[in-house]
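Work through the following exercises with the sequence and the model side by side, and try each task before reading its solution.

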Amino acid sequence: VYGDSPTLPKIETMAQAPRSPYAVAKLATEAYALAFAASYNLPAIALRYFNVYGPRQDPHSHYAAVIPRFVTRMLRGEPPMIYGDGLQSRDFTYVDDIVEGVLRVMQGAPEKMAGEDGLPLPPYAVYNIGGGQPENLLDYISTLQEELVRATVLPEDYDFEGHRELVGMQPGDVPVTYADSEALERDYGFRPTIGIRDGLRKFAEWYKGYYKA
């Protein structure tokens, strides 16, 4: 929903500037939640996830995430396609951190309160869930390759540099995005902490056991 707004990191109170129909659909969902909170005094929370990855992402799905697509193509001997120049940065967030953030937020809904006019204020809140550490896409994929080799999913002599294929940026994509999760930490005492090396190692071990077998 933040789109190409130049402000970094992305904070919940900043203006939204979605650039794709996908992003607009997410913003519309938040608008519905806010409308129900305002109209019916119904507590609602919107969560904004930042580039979720981890085990159990289906590489055969039409909507497959970045990692499963890369691994599937690598194992087929096809070049992993990298959109843009590979220098764009993302806030990759391991799925366990996402789950922990959701569980924390579920412990307490926004408080119902009245304004100065006595009318109820919408019990509505928005939280980012992201580690706030932007990672260069090429570095991220290089780490993925190293962990896949370590887990024996890929052979030791796999030549990533020789296989990768750079293609044009996807419409609506942005060069840099990462989260400010201060609000989540302030209200629920949690901030994502799992780094990409640990997260990708867990993914590679899962992939080895589940798919390669």
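**Exercise 1.** In this predicted model, find the loop that holds Asn51, and decide whether Asn51 is buried, partly exposed or exposed.

*Solution.* Begin with the location: Asn51 belongs to the loop that runs between strand 1 and strand 2 (52-53). Next, consider the backbone, where Asn51 has a positive phi, near 45 degrees, in a residue other than glycine. Finally, take the relative accessible area, which is 29%; because partly exposed covers the range between 20% and 50%, Asn51 counts as partly exposed.

**Exercise 2.** Carry out the corresponding analysis for Thr152, starting from the loop in which it lies.

*Solution.* Thr152 is placed in the loop between helix 4 (137-150) and helix 5 (160-163). Its phi is positive, about 65 degrees, although Thr152 is not a glycine. With a relative accessibility of 42%, Thr152 is likewise classed as partly exposed.

**Exercise 3.** Determine which strand pairs with strand 1 (residues 44-49), and in which sense.

*Solution.* Strand 1 pairs with strand 8 in the parallel sense, over six bridges. Within this pairing, Ile45 stands opposite Ala125 of strand 8. Turning to the surroundings of strand 8 (residues 124-129), five of its six residues are buried, so this strand is largely enclosed by the rest of the structure.

**Exercise 4.** Describe the setting of Ser5 in the segment before helix 1 (21-40).

*Solution.* The relative accessible area of Ser5 is 17%, and because the limit for buried is under 20%, Ser5 is buried. Leaving aside neighbours within four places in sequence, Ser5 is in contact with Lys10 and Met14. Pro9 is also found in the segment before helix 1, and the peptide bond from Leu8 to Pro9 is cis, with omega near -10 degrees.

How values were computed
Residues numbered from 1 in each chain as written. Predicted model: local features only at pLDDT ≥ 70, side-chain atom pairs only at ≥ 80, totals over all residues. Heavy atoms only, no water. Buried < 20%, exposed > 50% of the residue type's maximum accessible area, 1.4 Å probe, protein only. Helix = DSSP H or I, 4+ residues; strand = E, 2+ residues; numbered from the N terminus. Pairing = 2+ DSSP bridges. Contact = heavy atoms within 4.5 Å.
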